[in-house]
Amino acid sequence: MVQQTWHSDRRLTAISRASLSVPARQAMVDKQVLPGLTVLDYGCGRGGDVRALQQLNFRAVGWDPFYQADTTLEPADVVLLTYVLNVIEDPRERRKTLQEAWDLAGTVLVASARLTWEKSKVKGEAFGDGLLTSRQTFQYLFGASELRAYVENVTGVRTVSAAPGVVYAFKDDRARLSYLARRIVPDAEWLESEDTTSAIAAVIDYAERHGRLPRMEEVPQPMAELLSHLRPNEIRRLVRDSADPRKIEEGVKRTTLNTLLFLAVELFNGRGPFSSVPLGVQLDVRAFFSSYKEACQRSDRLLLKLRDDAYLRGAMSASAVGKLTPTALYLHQRALDRMPTVLRLYEHCASIAAGRPQAWTLVKLQYQGRAVSWLDYPDFDTDPHPRILSSYQVELKTLETSHTSYTESRNRPLLHRKHEFLTPEDPDVARYRRLTAAEVRAGLYEYPHLIGTENGWEAELNRCGRALRGHRLVRAHRDE
Ligand SMILES: C[S@@+](CC[C@H](N)C(=O)[O-])C[C@H]1O[C@@H](n2cnc3c(N)ncnc32)[C@H](O)[C@@H]1O
């Protein structure tokens with residue numbers, strides 16, 4: 001039995017799971033685990049993920065050298081290797097395990113590991129390159145980009161960080177590039193259509209948003225059937241007569257920029273041949289550029305601009321959205337797609353290297369140096385001055401990551417002027433603006449250096465005799 005040669009009690013590392021693990025959930029959200037595909041959970045422990053996936057009607061099986069050694073190991077479309085690499089104390093066996101999991105993957109390997117930011121939670125004595133806990137379990141904690149580089153090194157393919165500590169390695173470039181394209185522009189949403197008239201309306205809507213007509217291969221099957229009796233020329237004429245030319249023009253601009261962004265991200269992640277670029281992007285390149293070469297040259301220039309301090313600072317100052325401070329631009333997740341393309345590229349490159357965290361509210365793009373932070377303010381919508389819960393930062397030159405949790409902090413940083421992080425059209429902006437104006441009138445922003453944290457803000461509210469009721473500022477009663 002394999003486990004007899006183990007130098008730690010690896011079986012004790014397997015926990016009982018009541019719900020899907022973070023990496024399995026991420027793979028579902030990212031449409032890597034899909035109905036019809038086979039899934040192998042390699043090192044499945046007590047099998048919680050396998051059962052949860054089976055209950056969701058996925059074709060999942062698990063194998064584990066201790067808990068599920070009877071399963072016949074067979075290749076599967078998707079292989080999950082969830083928190084296994086951490087517990088293997090022998091670096092050679094660690095590599096071999098990753099290699100074995102990769103060899104079994106038909107389309108994608110989802111490799112995950114616990115990260116160095118959990119260091120304070122893992123106590124033990126030094127053992128090999130990790131720690132041996134008092135329960136005789138071993139833990140090697142990875143840096144987020146170290147994990148990505150490690151998986152890349154063993155599998156020999158380009159990898160993408162789906163989230164911190166979750167890395168996808170794809171068997172072919174086509175699958176990797178479709179995933180990257182979806183990260184930049186999620187799959188188009190089509191208007192509901194039950195008859196030919198509504199199907200035509202849906203095509204017109206697509207053309208206005210995208211700047212071009214869809215090809216029949218891009219149209220969902222039931223809708224394509226509703227349109228099948230129309231000739232392509234007829235559809236083209238209907239769209240030409242009914243679509244709003246201004247919207248089409250905006251669609252052209254948006255898709256051109258999205259295509260450049262995709263090609264620049266692709267270059268950052270390793271450029272593949274045109275044939276492996278998703279069909280939709282190939283059609284966009286044909287529609288909006290003179291050639292693939294021209295599109296690539298423009299996207300290469302975009303990537304180069306990321307290195308140019310003056311250019312980046314200019315893009316930040318010109319950005320119609322976000323709060324600009326002397327060192328960085330901050331903006332809300334809802335406003336992300338409204339940033340200048342070079343800034344969207346900045347954020348995407350960082351996220352591919354180190355993964356966007358599962359929960360985040362604001363992104364911070366530093367303009368001195370290159371670093372991106374994702375900041376979590378869980379009560380952003382309900383708290384007039386939301387408190388920070390955590391931040392995750394990646395430094396783009398070294399790919400070093402750091403994570404700060406504020407759960408234990410008694411004097412957390414908080415936000416003011418929430419409207420500045422959102423687009424002007426956001427439905428909440430008017431309410432936030434009114435509050436800021438009232439706070440300014442009450443003198444609460446007279447000493448900006450005092451109000452950045454909970455205690456200072458409370459003290460200023462007291463000094464000014466004010467209290468907050470939701471997003472309204474009121475006079476405080478003496479006894480409050
Ligand atoms: C932390 S648990 C994770 C279990 C499961 N993947 C989950 O997330 O619930 C680590 C698991 O790795 C398994 N394991 C240890 N060495 C292994 C190896 N060489 N190959 C595959 N799995 C291994 C252990 O038996 C243990 O069940």
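**Briefing: a 480-residue chain and its ligand shell**

With 480 residues, a compact globule would have a radius of gyration near 23 Å; this chain has 26 Å, which agrees. The model is predicted. The chain contains 15 helices and 17 strands.

**Overall build**

- Along the principal axes, the C-alpha atoms fill a box of roughly 75 × 75 × 45 Å.
- Of the 480 residues, 37% count as buried.
- Take the contacts with a separation of 6 or more: 61% of them link residues 24 or more positions apart.

**Around the ligand**

- The ligand is surrounded by 23 residues.
- The closest are Thr-13, Ala-14, Gly-43, Gly-45 and Thr-82.
- Helix H2 (48-55) and helix H3 (91-104) are the elements that give two or more residues to this shell.
- By type, the shell divides into ten nonpolar, seven polar and six charged residues.

**A three-stranded sheet**

- Strands of a sheet pair through backbone hydrogen bonds, and the pairing can be parallel or antiparallel.
- One open sheet here has three strands in the order E5-E6-E7, and its pairing is antiparallel.
- Strand E5 (125-127) and strand E7 (138-139) stand at the edges.
- Each edge strand has a single partner strand, so one side of each is left without a neighbour in the sheet.
- E5 and strand E6 (residues 130-132) run antiparallel and are joined by three bridges.
- Within this pairing, Glu-125 stands opposite Leu-132 in E6.

Terms used:
Residues numbered from 1 in each chain as written. Predicted model: local features only at pLDDT ≥ 70, side-chain atom pairs only at ≥ 80, totals over all residues. Helix = DSSP H or I, 4+ residues; strand = E, 2+ residues; numbered from the N terminus. Rg over C-alpha atoms; globule rule 2.2 N^0.38 Å. Buried ≥ 20, exposed ≤ 12 C-beta atoms within 10 Å, placed from the backbone. Contact = placed C-beta atoms within 7 Å. Near = placed C-beta within 6 Å. Nonpolar A, V, L, I, M, F, W, Y, C, P; charged D, E, K, R; others polar. Pairing = 2+ DSSP bridges.
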